[in-house]
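Work through the exercises below with the sequence and the model open. Try each task before reading its solution.

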Amino acid sequence: MEECKNQEGLTRINPKREDWITEAAHITLLDQPHNGPDVESNILCFCPNHHVLFDNGGFSIADDLKLIGIDIDSELKTVKNHKIELEFIQYHREHYQVKN
């Protein structure tokens with residue numbers, strides 16, 4: 001992904017910073033017991049804080065890409081050439097028992 005921008009579309013935690021810090025977050029984690037693949041369709045771009053929240057089930061994503069578990073009505077920002085596999089999103093929701 002050449003242009004990796006924060007996809008969660010949420011308020012920055014430190015709005016005084018001019019630059020964005022972006023990390024690649026695996027939707028289905030690579031380690032045991034998840035065994036997710038290290039492929040582009042299993043990766044999202046988040047700021048470090050939302051990356052940690054996502055990795056620990058603080059929020060998840062619905063099949064229509066709306067964010068679940070966050071008080072803000074927001075949806076995942078996507079780009080045309082970055083396909084996100086729904087099976088990874090569904091696994092994340094089921095693993096962390098996040099309800100739509």
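What percentage of the 100 residues in the protein chain is buried? Buried residues make up 37% of them. The model is a predicted one, and every value here is computed from it.

**Exercise 1. Give the order of the secondary structure elements in the protein chain.**

Solution.
- Step 1: Count the elements. The protein chain has two helices and four strands.
- Step 2: Read from the N terminus. The order is β-β-α-β-β-α.
- Step 3: Look at how the chain meets itself. Of the contacts with a separation of 6 or more, 59% are between residues 24 or more positions apart.
- Step 4: Turn to the surface. The accessible surface comes to about 6500 Å², and carbon and sulfur atoms account for 48% of that area.

**Exercise 2. Sort residues of helix α2 into buried and exposed, and explain the placing of the buried ones.**

Solution.
- Step 1: Locate the helix. α2 spans residues 86-96.
- Step 2: Apply the cut-off for buried, under 20% relative accessible area. Phe-88, Ile-89, His-92 and Arg-93 are buried in α2.
- Step 3: Check their directions. These four cover an arc of only 135° around the axis, so they are on the same side of α2.
- Step 4: Recall the general rule. An α-helix has 3.6 residues a turn, so residues three or four places apart point the same way.
- Step 5: Look at the other side of α2. Glu-87 and Glu-94 are exposed there.
- Step 6: Find the partners. The buried residues of α2 pack against α1 (48-55), β3 (60-61) and β4 (67-68).

**Exercise 3. Find backbone angles that call for a second look, among them those of Asn-35 and Leu-65.**

Solution.
- Step 1: Start from the general pattern. Most residues other than glycine have a negative phi, and most peptide bonds are trans.
- Step 2: Examine the loop between β1 (23-26) and β2 (43-46), where Pro-33 lies. The peptide bond from Gln-32 to Pro-33 is cis, with omega near 0°.
- Step 3: Stay in the loop between β1 and β2, which also holds Asn-35. The phi of Asn-35 is positive, near 55°. Asn-35 counts as partly exposed because its relative accessibility is 48%.
- Step 4: Move to the loop between β3 and β4, where Leu-65 is placed. Phi of Leu-65 is positive too, near 75°.
- Step 5: Go past the end of α2. Gln-97 follows the helix and has a positive phi near 55°.

**Exercise 4. Describe the surroundings of Gly-58.**

Solution.
- Step 1: Place the residue. Gly-58 sits in the loop between α1 and β3.
- Step 2: Classify it. With a relative accessibility of 36%, Gly-58 counts as partly exposed.
- Step 3: Leave aside neighbours within four places in sequence. Gly-58 is then in contact with Leu-53 and Gly-69.
- Step 4: Compare sequence and space. Gly-58 and Gly-69 are 11 residues apart in sequence, and their C-alpha atoms are 6.7 Å apart.

**Exercise 5. Which residues line the largest cavity?**

Solution.
- Step 1: Count cavities. There is one cavity of 30 Å³ or more.
- Step 2: State the volume. The largest cavity holds about 30 Å³ of space.
- Step 3: List the lining. It consists of Ile-27, Thr-28, Leu-29, His-34, Tyr-91, His-92, His-95 and Tyr-96.
- Step 4: Sort the lining by class. Four residues are nonpolar, four are polar and none is charged.

Note on methods:
Residues numbered from 1 in each chain as written. Predicted model: local features only at pLDDT ≥ 70, side-chain atom pairs only at ≥ 80, totals over all residues. Heavy atoms only, no water. 1 Å grid on protein atoms, 1.4 Å probe; cavity = no way out; pocket = protein on both sides within 12 Å on 5 of 7 lines; lining within 4 Å. Points joined across faces, edges and corners; volume = space filled by probe spheres on them. Nonpolar A, V, L, I, M, F, W, Y, C, P; charged D, E, K, R; others polar. Buried < 20%, exposed > 50% of the residue type's maximum accessible area, 1.4 Å probe, protein only. Arc of directions from axis to C-beta. Contact = heavy atoms within 4.5 Å. Areas by Shrake-Rupley, 256 points an atom, 1.4 Å probe, with all protein chains shown as cover.
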